[in-house]
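Subject: Structure handover

Dear colleague,

I am passing the structure below on to you, together with a written account of what was found in it. Please read the account with the structure open beside you.

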Amino acid sequence: MSEPISLKLTAKDFKSDQEVRWCPGCGDYAILAAVQGFMPELNIPRERIVFISGIGCSSRFPYYMNTYGMHSIHGRAPAIATGLSATRPDLSVWVVTGDGDALSIGGNHLIHALRRNVNLKILLFNNRIYGLTKGQYSPTSEVGKITKSTPVGSADAPFNPLSLALGAEATFVARTIDSDRKHLQSVLRAAAEHEGSAFVEIYQNCNIFNDGAFDPLKEHGIRDDYLIRLEHGQPITFGKDGQFCVVHPPGGFGLEVRETAATRPEEIVVHDANVTDPAYAFALSRLPGLDLRNTPIGVFRAVERPSYENVVRAQLDAARAEVTETPEQQLAGLLSSGDTWTIL
Amino acid sequence: MSKQIRQLDRVVIRFAGDSGDGMQLTGDRFTSETAQLGNDISTLPNFPAEIRAPAGTLPGVSSFQVHFADYDILTPGDAPNVLVAMNPAALKANLADLPRGADIIVNTDEFTKRNLSKVGYQVNPLDDDTLAGYAVHPVALTSMTIGALADQDVSKKDAERAKNMFALGLLSWMYSRPYESTLRFLERKFARRPELVAANVAAFRAGWNFGETTEDFAVRYEVKPAKMPPGTYRNITGNAALSLGLVAAGVRSGLPVFLGAYPITPASDILHELSKHKKFGVLTMQAEDEIAAVGAALGASYGGALGITTTSGPGVALKSETISLAVALELPLLIVDVQRAGPSTGMPTKTEQADLNLALNGRHGEAPVAVIAPKSPADCFYAALEAARIALTYRTPVILLSDNYVANGSEPWLLPDVNSLPDLRVEFATAPNGEDGSTFLPYLRDPETLARPWAIPGTPGLEHRIGGLEKADKTGDISYDPANHDFMVRTRAARIETIPVPDVEVEDPDGDARVLVLGWGSTYGPIGAACRGLRQRGLSVAQAHLRHLAPMPANLGTVLRSYDRVVIPEMNLGQLAHVIRAKYLVDAIGYNQVRGLPFTAAELETMLEEVLKNV
């Protein structure tokens, strides 16, 4: 097979003529720039790329991408994208959503898109707050969050988006951070290469209503002791000096963080994103504490399962393979099937 | 023994039994035999929502009524001439509908003390004067069936279950029906179990032979074929016709058909039917909920498919927000609402027309859509094509209002010539439409249809963004401009209001009627039958029936104003009448019932006679 012809696109080709209207300093700008910078790598013509979003700050994203795009309704982007992707497998379909959009009002559509393994790249911008409605707590806000709608603190426990996605049979699950462009793009690359649903959680700072929510993961000098950078095939160690590692204690159900110095090298878990059993990726997703210590980023899980559109296309193709008549002839045959009688 | 043969011009038979007795199948088979003979037919199934209500109880009774005649008929008949009652519950539940003199065939084996007490019969109604005035035919259906199958290789349970075929055989004999299609049907149905084919055929023949030999049935009847236009016919239910209409819309438009649906009574059969037609490229998706079903359909439309969602009233309510998005996006979308009795779960297997307000107005903001309604089971085929035509030509959501009565009822359908069906081909946008030759304006309209270009993803050079935010005229850019919003709201209203729809036709054979009966949807049959009844008695009445409810036909106002009285029968509390009064300032009289059943022709005739007296 010959190498595909390079389309020679640049980030600029993916910028639309619309004025970007997020608040100055919003993490969404960094994500937009990272996505626009990554898109040329796909080497897919712009007309075959579609961004579909729901409602919320992040969901304005499609307006700024010079591709096809739809800014739809709150929570429903995965459902709309499913209909598009199922009928148009030639397209590269991306869903942009937020923590409220995907996990609150649209929770049902998200989990069903994941279990069906629809060929969608789902980017969830998680800022742990409702921004566009001006600062209510979200389904990823920590318990006790004081916001406009919870003056004495929220009472409900948050979702862990990755645990949720894994429970919904997601075949690709990853996490990245708005401010780390290189890492973000590496995760987008892996997501784009995956057949089926790719779920990417992007920690995103809302500098107006929840500023600094992810600061420990961003600040020099601190972040290396907080972040676990997952690399497929590599032992999971982290910390400024690699002083921490992840182990699977015998008899336990999950994973734990230990000091590397006190751990035998063979005890350190070697990251394998292709493990079929979702329990491993789930255990990884449970590592972070409330203070964000031990937050893994990177690809947690990437396993193979036929995508929804491949399965339904195969059914259609099998049915159509036997057809020799024109559609009109087929239709005439269908209409007159069953018990008929003729009046002369 | 030779039997007397008597000619009839029409007969109404109701098969009634327990939900597990196979009454729907029995009725279907009798209908098919009758269709083969060439009678005109109309059917009405009536069954509980419970799949298997407790055996032998009143809530568990399922029935199937078939009306057949040697002339063209419009309804399944007001009252049965014959009731087949497979148990005491079936007798009790249906007796009130029978006129005196009707034939009642009862399965005496089921009239046990236990079964009688289940439905509150202290004394066996076969023994007292409960059935005085009826022609009762006691038949030991179950035991005779088991007896007839004694030599067959089937269990007693399977033998007992074949009793519906015994009943079918008896009725087929009684009305001289050709039964070859039933024998073929049994061979197909039990293809994998030849012993059941043999048993059911034997039961059918036993029933037939019983009629031939017993002295209890002295008369055999014939109903001659009806004079119907030449051509090939099949008997079809509304849901089946609607499904075929959607397949036909795909063929005639050349577009892939995508159905997003969530199971709901009485619309699920459309999902079942369309899921069988993959060789036409029809893709069906059973969505996680009603909202996802319409969302996926809209996504498919965005990509250039004919996006469809099918549901009933509660589902339409859930889809409302997405339909409004489709109004804003100006994309084709077909929403089929097979109406049932509401509100809420209501009576899910019973009919009603109470979603008209919902279809016309049930959205946030000014969100007009086109609304059309089929008038009979076979008409569902053409209504589906018409709905698709409007959706594709005018790039708008269209709500098709069927109901349980037309969806599950059936009638003979003269098969159309496929090439005579409307040409629904569409043109996607392929090139920039701006004056500069390079700009694409997604909201620049066709001056004739006011439709915007359908520029599907994958088209080079037309990359654009659409969404729920208000759009500037022509460019489609986000706009908060007050004048633009006012313009766009009015334009969206005008888009629907100016869709050309055929004039409403008035049927007034005497030409001197002063009263017009206006209906919509499934009331066509009962209204038509009532008007015929009046005319046969020398009274003049005009009938008009609306297929297009939004927009309404251009001549409707003139038609309404040319009569002294307008009467609007509806299976709701006057939803169309409200619209007519508001829109045309016509003092229409409503006639309304919401019993979950279609109007009877007799009640409409009585009501109209009163109106005629008072004009």
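What follows goes through chain A, then the contact between the chains, and lastly a pair of helices in chain B.

Please keep in mind throughout that this is a predicted model.

To begin with chain A as a whole, its secondary structure comes to ten helices and twelve strands, and its C-alpha atoms fill a box of roughly 90 × 50 × 45 Å when this is taken along the principal axes. Of the 344 residues in chain A, 46% are buried. Among the contacts in chain A with a separation of 6 or more, 65% are accounted for by residues that are 24 or more positions apart.

Two elements of chain A are mostly covered. In helix 2 of chain A, which spans residues 77–87, eleven of the eleven residues are buried, and among them are A77(A), P78(A), I80(A), L84(A) and T87(A). Strand 11 of chain A, residues 295–302, is likewise mostly covered, with eight of its eight residues buried.

Strand 11 of chain A also has pairing partners that can be described in some detail. With strand 5 of chain A (residues 172–177) it pairs in the antiparallel sense over four bridges, and in this pairing F172(A) has A302(A) of strand 11 as its bridge partner. With strand 7 of chain A (residues 227–229), by contrast, strand 11 of chain A runs parallel, and three bridges join the two; here L227(A) stands opposite T295(A) of strand 11.

Elsewhere in chain A, three strands form an open sheet in the order 8-9-10, with antiparallel pairing. Its edge strands are strand 8 (237–238) and strand 10 (256–259) of chain A, each of which pairs on one side only. Strand 8 of chain A is joined by two bridges to strand 9 of chain A, residues 244–247, and these strands run antiparallel; within strand 9 of chain A, F244(A) stands opposite F238(A).

Turning to the contact between the chains, 54 residues are taken from chain A and 57 residues from chain B. On the side of chain B that touches chain A, the elements that give two or more residues include helix 1 (23–37), helix 9 (238–253), helix 12 (313–329) and strand 17 (465–467) of chain B, while the largest share, nine residues, comes from helix 11 of chain B. The residues on this side of chain B divide into 29 nonpolar, 19 polar and nine charged. Strand pairing also links the chains, since four bridges join strand 12 of chain A (residues 340–343) to strand 9 of chain B, and these strands run antiparallel; the bridge partner of I343(A) in strand 9 of chain B is G231(B).

Finally, within chain B, the axes of helix 6 (residues 163–174) and helix 8 (residues 194–213) come within 7 Å and cross at roughly 40°, which means that helix 6 of chain B is oblique to helix 8 of chain B. The crossing in which helix 6 of chain B passes helix 8 of chain B is right-handed. The residues of their contact divide into twelve nonpolar, five polar and three charged; those from helix 6 of chain B include F166(B), L170(B) and W173(B), and those from helix 8 of chain B include F204(B), W208(B) and F210(B).

With kind regards

Methods. Residues numbered from 1 in each chain as written. Chains lettered and ligands numbered in written order. Predicted model: local features only at pLDDT ≥ 70, side-chain atom pairs only at ≥ 80, totals over all residues. Pairing = 2+ DSSP bridges. Buried ≥ 20, exposed ≤ 12 C-beta atoms within 10 Å, placed from the backbone. Contact = placed C-beta atoms within 7 Å. Nonpolar A, V, L, I, M, F, W, Y, C, P; charged D, E, K, R; others polar. Axes fitted to C-alpha atoms, helices over the stretch in contact; angles between N-to-C directions. Parallel < 35°, antiparallel > 145°, perpendicular 65-115°, else oblique. Left-handed = near helix turned anticlockwise from the far one by under 90°.
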